[in-house]
Number of protein chains: 2
Amino acid sequence: MSYVHLASTCFSEALGTHGLDRAVYDSLIVRAVEALEGLRARHADGSLPLLRLPAARDDLAALKPVAEDYRARFEEVVVLGTGGSSLGGRTLCRLSEDASAPRLRFEDNVDPHTFDALLKEIDPAKTGFVVISKSGSTAETMTQFLVCLAAMKAALGDGAAAHFTAIAEPGDSVLRRLCAKFGIDVLDHDPGVGGRYSALSLVGLLPAMIAGLDAAAVRAGAQGVLDLALGADDPETVPSAVGAAIAVGLAREKRISQSVLMPYVDRLREFALWYRQLWAESLGKRGQGTTPVDALGTVDQHSQLQLYLDGPRDKMFTVVMLACAGTGARIDPALADDDALGYLAGRTVGDLMDAEQRATARTLIRNNRPTRIFRLETLDEATMGALMMHFMLETIIAAHLQQVDPFDQPAVEEGKVLTREYLAEAAREAGGG
Amino acid sequence: MSYVHLASTCFSEALGTHGLDRAVYDSLIVRAVEALEGLRARHADGSLPLLRLPAARDDLAALKPVAEDYRARFEEVVVLGTGGSSLGGRTLCRLSEDASAPRLRFEDNVDPHTFDALLKEIDPAKTGFVVISKSGSTAETMTQFLVCLAAMKAALGDGAAAHFTAIAEPGDSVLRRLCAKFGIDVLDHDPGVGGRYSALSLVGLLPAMIAGLDAAAVRAGAQGVLDLALGADDPETVPSAVGAAIAVGLAREKRISQSVLMPYVDRLREFALWYRQLWAESLGKRGQGTTPVDALGTVDQHSQLQLYLDGPRDKMFTVVMLACAGTGARIDPALADDDALGYLAGRTVGDLMDAEQRATARTLIRNNRPTRIFRLETLDEATMGALMMHFMLETIIAAHLQQVDPFDQPAVEEGKVLTREYLAEAAREAGGG
């Protein structure tokens, strides 16, 4: 396994009345077993394609030439898309250290100012685009696509089409119709893999491959976590089941309303944002669902920790620690020659981060805040795949415990309809339309 | 005023039983008047230096040559510091569009991997550093400083000192001792201005000036908001007092535990992070304090909105809208020639953002979620100064209503002590230190 999951410090044995009661947990873990059985069945019959992604390799072979073509032709690749079409790729690409890879840029907002700047900054001849919309009709993504296509056409004429690749589910959609018209390649988004569960599909992995990452290793990391979950006789050995039962139990029994994910290393900043969508959109339903809060190691010690330690007892904490003692630049004792720096002289940057992450977890626990810990030995493609699979399974199992559908998002439709109404109004007022 | 503050949609008149009861609010606004009187007195006697910053100009004149020197000599400026030493400057610098300014880079974490990359990437001859630690002893900032100083000394010898400027409060500190030893200039951090309230001091404004921003305009924007608060006869005319009474009232009466700040434009992403620290660290005390949650316009519609609309009723929302209809690139009707795009053809990117921000606010309100709105006509230095002063005053007034000290952070000390213990242990085990 790519990580160690320590959760005993969420329970009443460790935290007294502020921890989760074992009886509550036991009643939930029994139901987590049902969820695991459901996953096993859906893996077997193929009805949840997400569970088949980790073992797939054929699709990666098909993606490879696309990624290599983009790497060969472009210095910059702009990924257009929002929500699940953006966060998985961003999370993975943060691991890239391939100096020869194109610069990846994820545009997830429809900010007129940002797009004006983007269109000024790019060199059309050296810029490629990946346009991702599962439905093929997302308003924000269509807008991004159309203004970028116009700018690229103005610069390159019909040659612009070869700078775009779209990803959408099969079947008729406006994105597919436009791509057909303009001669732009479209790759298939699996209709059975929702945006926030798509990081292990081409949605996350095409950008990752363009950035020079090993997509098979991402999937292999995910496979290890999945195998453990599908093969386990005892749910206590499945961290995602344990995590789901704790999260739902704490929400119910201890009125925990917020789930703070606190990695320490910069390369996991985007991962925490990816988690936010996964958790919020899957579980925030019918009056239930805790709020996912992203925090970052030493930064938020100086921003949020006061609230975490002394504010309301309405949060659970997941601290993600990477082994880093002894790594990084060493503080030169000759420069740090001052009594006040005795604790730092001769230590490395990694020593400080290591001490800080342990100190924060310990302090949270001493203050009886439910805290679980992920310990990572390394942070590479396999680890990231493993973490992603862990949290996808944990979310699906938590949804089973909450009795909600982890794969829908029924409440966001109203805003979309209103947006169209407001745009139509504006068009009428402008006499256009 | 640089913004319009609309808060009626937080009350029971608009939201029924889910809104704030007027009687509760009235009892709080009476106490907000006391807070305003306290601020008036502390402005008059100078005992809260934050309140005198907006009118100050002499210090800016003194900073100008420092900023100009950095602009002339460096292509990249790295700001070392964490929490309040970083977030204010970052927030302001996001406004910069000065292509001739050095690239500003805010390093707020102590990630060994990030620092290894930083030290490889920079060109020592063309890189300057600003080292910010109010106490002059912050472990993270000292570590950052020492490894960067070592790298710069290795490249430039004694010439490295001229590439550093430190900011620390007067009086003895290890940062000041080292700077004296190595010949590094130190500027004074006002001891009476805490880190999270320091954006309008040199802590935020020196980076802003290096980035080519108009620091006097930032302060003028803040002054307008402050004048209104200090001069008002009726607290209902003071948005920060109204906002504080609503936030504390909703927390008490409606069990609102989270305060979501949701700007739409990319240039306010960092502002939401700055707000997180201000609100959390000032108010998260003695079991009280709501959790500040940063969200971003259209991005989080596709990530958090499902939870916001259909999850627990434990959040209040502050939507920050910038007038942007008609701005940005226009969608070419010839490209968007498809029935499904009738609502977008001929519209601009700004039209879509404008429609989205209004639609989201409206949808939240229709679902009876307490929602207030900031309307901005422009986003410039004055607007940012105004928003910062608004939220600093709102936080101070909310602290008065909660009966906590907005300026301390007593709970974070334990973690700092433990960090030192762990480092000492590691040193003993390594046989060093």
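**The pair**

Start with both chains in view: rotating chain B by 180 degrees, with 0.0 Å of shift along the axis, superposes chain B on chain A at an RMSD of 0.0 Å. That is the relation of a two-fold axis. The contact surface is shared by both copies, since 100% of the contact residues of chain B recur in chain A. Keep in mind throughout that this is a predicted model.

Now select Val293(B). Its C-alpha lies 3.6 Å from the rotation axis, and no residue of chain B comes closer.

**The interface**

Select the residues at the contact between the chains. Chain B contributes 101 residues and chain A contributes 102. On the chain B side, colour helix 14 (residues 349-366): this helix supplies 12 residues, the largest share of the side that touches chain A. Then colour that side by class. You should find 44 nonpolar, 35 polar and 22 charged residues.

**Chain A as a whole**

Hide chain B. Chain A has 16 helices and 10 strands. Its radius of gyration is 23 Å, close to the 22 Å that the globule rule gives for 433 residues, so chain A is as compact as a globular protein of that length. Turn the C-alpha trace along its principal axes: the spans are about 65 × 60 × 50 Å. Of the 433 residues in chain A, 61% are buried. Look at the contacts between residues at least 6 apart in sequence: 78% of them join residues at least 24 apart.

**The core**

Bring chain B back. In soluble globular proteins, nonpolar side chains tend to be buried together. Here the largest nonpolar core has 308 residues. Its residues with the most contacts inside the core are Ala32(A), Ala245(A), Ala32(B) and Ala245(B).

Centre on Ala32(A). What is Ala32(A) in contact with, leaving aside its neighbours within four places in sequence? Select Pro235(A), Ala241(A), Ala244(A), Ala245(A), Ile397(A) and Leu401(A).

**Strand 2 of chain A**

Move to Val77(A), in strand 2 (residues 76-80) of chain A. Is Val77(A) buried or exposed? Val77(A) has 27 other C-beta atoms within 10 Å, so this residue is buried. Show its contacts beyond four places in sequence: Tyr70(A), Pro102(A), Leu104(A), Gly128(A), Val130(A) and Ile210(A). Then draw a distance to Arg105(A). The two residues are 28 apart along the chain, and their C-alpha atoms are separated by 6.2 Å.

**Helix 14 of chain A and the loop after it**

Select residues 349-366 of chain A, which form helix 14. Its 18 residues should span 26 Å at 1.5 Å a residue, and the end C-alpha atoms are 26 Å apart, which agrees. Of those 18 residues, 16 are buried, so the helix is largely enclosed by the rest of the structure.

Step on to Asn368(A), in the loop between helix 14 and strand 10 (371-376) of chain A. Which sign does phi of Asn368(A) take, positive or negative? Phi is near 60 degrees, a positive value in a residue other than glycine. Most residues other than glycine have a negative phi. Asn368(A) has 16 other C-beta atoms within 10 Å, so this residue is partly exposed.

**A second positive phi**

Jump to Gln403(A), in the loop between helix 15 (381-402) and helix 16 (413-429) of chain A. Gln403(A) is not a glycine, yet its phi is positive, about 60 degrees. With 10 other C-beta atoms within 10 Å, Gln403(A) is exposed.

**Helix 6 of chain B**

Cross to chain B and select residues 139-156, helix 6. Its 18 residues reach 25 Å from first C-alpha to last, close to the 26 Å expected at 1.5 Å a residue. Highlight its buried residues, among them Ala139(B), Phe145(B), Leu149(B) and Met152(B). The buried set also includes Glu140(B), Thr141(B) and Gln144(B). Continue to Gly157(B), which follows the helix and has a positive phi near 65 degrees.

**Last stop: Gly346(B)**

Select Gly346(B), in the loop between strand 9 (315-322) and helix 14 of chain B. Gly346(B) counts as partly exposed because it has 17 C-beta neighbours inside 10 Å. Finish with a distance to Leu226(B): the C-alpha atoms are separated by 42 Å, with the two positions 120 residues apart along the chain.

Definitions and conventions
Residues are numbered from 1 along each chain as its sequence is written. Chains are lettered from A and ligands numbered from 1 in the order in which they are written. This is a predicted model: local features need pLDDT of at least 70, side-chain atom pairs count only at pLDDT 80 or more; totals for chains, interfaces and linings use all residues. A nonpolar core is a set of buried Ala, Val, Leu, Ile, Met, Phe, Trp, Tyr and Cys residues joined through C-beta atoms within 7 Å. A residue is buried if 20 or more other C-beta atoms lie within 10 Å of its own, exposed if 12 or fewer, and partly exposed in between; C-beta atoms are placed from the backbone. Two residues are in contact if their C-beta atoms, placed from the backbone, lie within 7 Å. Helices (H or I, at least four residues) and strands (E, at least two) are DSSP runs, numbered from the N terminus. Ala, Val, Leu, Ile, Met, Phe, Trp, Tyr, Cys and Pro count as nonpolar, Asp, Glu, Lys and Arg as charged, and the others, Gly among them, as polar. The expected span of a helix is 1.5 Å times one less than its number of residues. Copies are superposed by least squares on the C-alpha atoms of residues with pLDDT of at least 70 in both. The radius of gyration is taken over C-alpha atoms; the globule rule is 2.2 Å times the number of residues to the power 0.38.
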